[in-house]
Amino acid sequence: MARNLEVNERVWVPSYLLPGGARLPYAIFQTKVVERLSRRVRVQLPNGESSTPLSTSKVHRDIAICLLSVGDFSTEDNLIAPLSKSALQYCRLLLPDDHIASVRIRAMGELVQWWIRNQAAYTHIILIGHGTRTGITFGVGGERSAEHFQRRLTGLDARSKIFVSLCCETGRAPFASRFSAIPSCESLIAPFQAVHGATALRFLQAFLAAHLLQAESTTVAFKSANSALPARDCFRLWRRSQLVAGKGAIKTAR
């Protein structure tokens with residue numbers, strides 16, 4: 001939900017909510033607010049007219065996705081690259097190219113340099129690579145724990161963002177609890193067990209569809225995507241060191 005929207009502010013809305021939305025180039029349409037109505041707004045349609053009132057819960061203030069592929073030298077060609085390319089092509093159906101980035105790194109130092117220069121532009125970070133319950137494996141330097149990420153990324157001026165890790169087991173507490181406490185991490189979604197690349201891609205697509213296309217909250221979109229997997233409850237959702245949803249979470253958590 002986008003709060004406190006102002007007239008003329010640029011926003012994104014799911015195309016299906018707009019007349020003729022199925023014919024628009026992207027599944028999410030960038031436009032501007034033309035009128036505020038309590039918890040609803042009118043936005044400018046492609047033909048310049050005003051829309052019917054839309055709930056602010058269906059409006060995104062900003063969306064930009066970065067796919068960060070963490071190379072390991074050994075499985076880049078047969079797993080990491082195909083998974084990254086498939087995820088990228090799906091994202092290109094959602095958003096214009098200038099709101100999507102695909103970055104390949106092999107060392108923590110490369111991540112830090114990219115982070116300093118570019119992180120402010122992105123709302124969603126997708127981590128693609130190999131992981132364990134204690135860290136993510138880099139081709140240079142080996143496994144890096146959540147403490148490494150926290151030490152290298154904390155203190156840098158960063159906007160809060162949603163992280164989706166497709167790295168095996170990184171949804172377990174030793175990594176996820178600490179990583180989700182990083183100030184720039186609004187939420188961390190990650191698998192709590194080993195996950196096949198095809199399953200990881202299916203989850204990512206389902207989550208982005210629910211979260212962006214249907215404008216569902218992070219938690220609701222997560223639950224929808226997680227329940228649709230062949231092995232139910234394969235992923236977990238963490239927020240500020242607390243397990244919010246997924247296997248082991250309190251059932252009433254939202």
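Does Ser 38 count as buried or exposed, and at what relative accessibility? In this predicted model, Ser 38 counts as exposed, at 74% relative accessibility. The residue lies in the loop that links strand E2 (28-37) to strand E3 (40-43). Its phi is near 55°, a positive value in a residue other than glycine. Most residues other than glycine have a negative phi. A positive phi is also found at Asn 8, where the value is near 80° and the residue is again not glycine. Asn 8 is placed in the segment before strand E1 (10-14).

The strands on either side of Ser 38 belong to an open sheet of 4 strands, ordered E1-E2-E3-E4, with antiparallel pairing. E1 and strand E4 (54-55) are the edge strands of this sheet, each pairing on one side only. E3 and E4 run antiparallel and are joined by 2 bridges. Across this pair, Arg 40 stands opposite Ser 55 in E4.

A further open sheet contains 3 strands in the order E8-E9-E10, and its pairing is antiparallel. Its edges are strand E8 (130-132) and strand E10 (142-144), each of which pairs on one side only. From one strand to the next the twist averages 35°. Strand E9 (residues 135-138) pairs with E10 in the antiparallel sense over 3 bridges, and Ile 136 stands opposite Arg 144 in E10.

Parallel pairing is found among strands E5, E6, E7 and E11. Strand E5 (residues 65-70) and strand E6 (residues 100-105) pair in the parallel sense over 6 bridges, with Leu 68 opposite Val 103 in E6. Together with helix H1 (residues 76-94), E5 and E6 make a right-handed β-α-β unit. E5 also runs parallel to E7, to which it is joined by 5 bridges. In that pairing Leu 67 stands opposite Ile 126 in E7. E7 in turn pairs with E11 in the parallel sense over 4 bridges, and here Ile 125 stands opposite Phe 163 in E11.

E7 is thus paired with E5 and with E11. Of the 5 residues of E7, 5 are buried, so the strand is largely enclosed by the rest of the structure. His 124, Ile 126 and Ile 128 point one way from E7, whereas Ile 125 and Leu 127 point the other way; all are buried.

In soluble globular proteins, nonpolar side chains tend to be buried together. The largest nonpolar core in the model has 39 residues, of which Val 164, Leu 166, Phe 203, Phe 207, Leu 208 and Phe 235 touch the most other members. At least two residues of this core are supplied by each of E5, H1, strand E7 (124-128), strand E11 (161-165), helix H5 (197-213), helix H6 (218-227), strand E13 (235-239) and strand E14 (242-246). H5 gives the largest share, 9 residues. A second, separate core of 30 residues includes Met 108, Ile 125, Leu 127 and Trp 238.

The contacts of Leu 166 illustrate the packing of the largest core. With residues up to four places away in sequence not counted, Leu 166 touches Leu 83, Ile 126, Leu 127, Ile 128, Gly 129, Pro 191, Val 195, Ala 200, Leu 204 and Phe 235. Among these partners, Ile 126 and Ile 128 point one way from E7 and Leu 127 points the other way. Phe 235, another partner of Leu 166, is also listed with the core residues that touch the most other members.

The cysteines were examined for bonding. A disulfide is a covalent bond between the sulfur atoms of two cysteines. The structure holds 0 disulfides. Cys 167 is in no disulfide, and the nearest cysteine sulfur, in Cys 168, is 7.8 Å away. Likewise, the cysteine sulfur closest to that of Cys 168 is in Cys 167, and the distance of 7.8 Å is too far for a bond; the cut-off applied is 2.5 Å between sulfur atoms. Cys 167 has 0% relative accessibility and therefore counts as buried.

Note on methods. Residues are numbered from 1 along each chain as its sequence is written. This is a predicted model: local features need pLDDT of at least 70, side-chain atom pairs count only at pLDDT 80 or more; totals for chains, interfaces and linings use all residues. Side-chain values use heavy atoms; hydrogens and water are left out. Two strands pair if DSSP finds at least two bridges between them. A crossover is right-handed if, with the strands pointing away from the viewer, the path from the first strand over the helix to the second runs clockwise. Buried means under 20% relative accessible area, exposed over 50%, partly exposed in between (1.4 Å probe, protein chains only). A nonpolar core is a set of buried Ala, Val, Leu, Ile, Met, Phe, Trp, Tyr and Cys residues joined through side-chain atoms within 4.5 Å. Contact means heavy atoms within 4.5 Å. Axes are lines fitted to C-alpha atoms, for helices over the stretch in contact, and angles run from 0 to 180 degrees between N-to-C directions.
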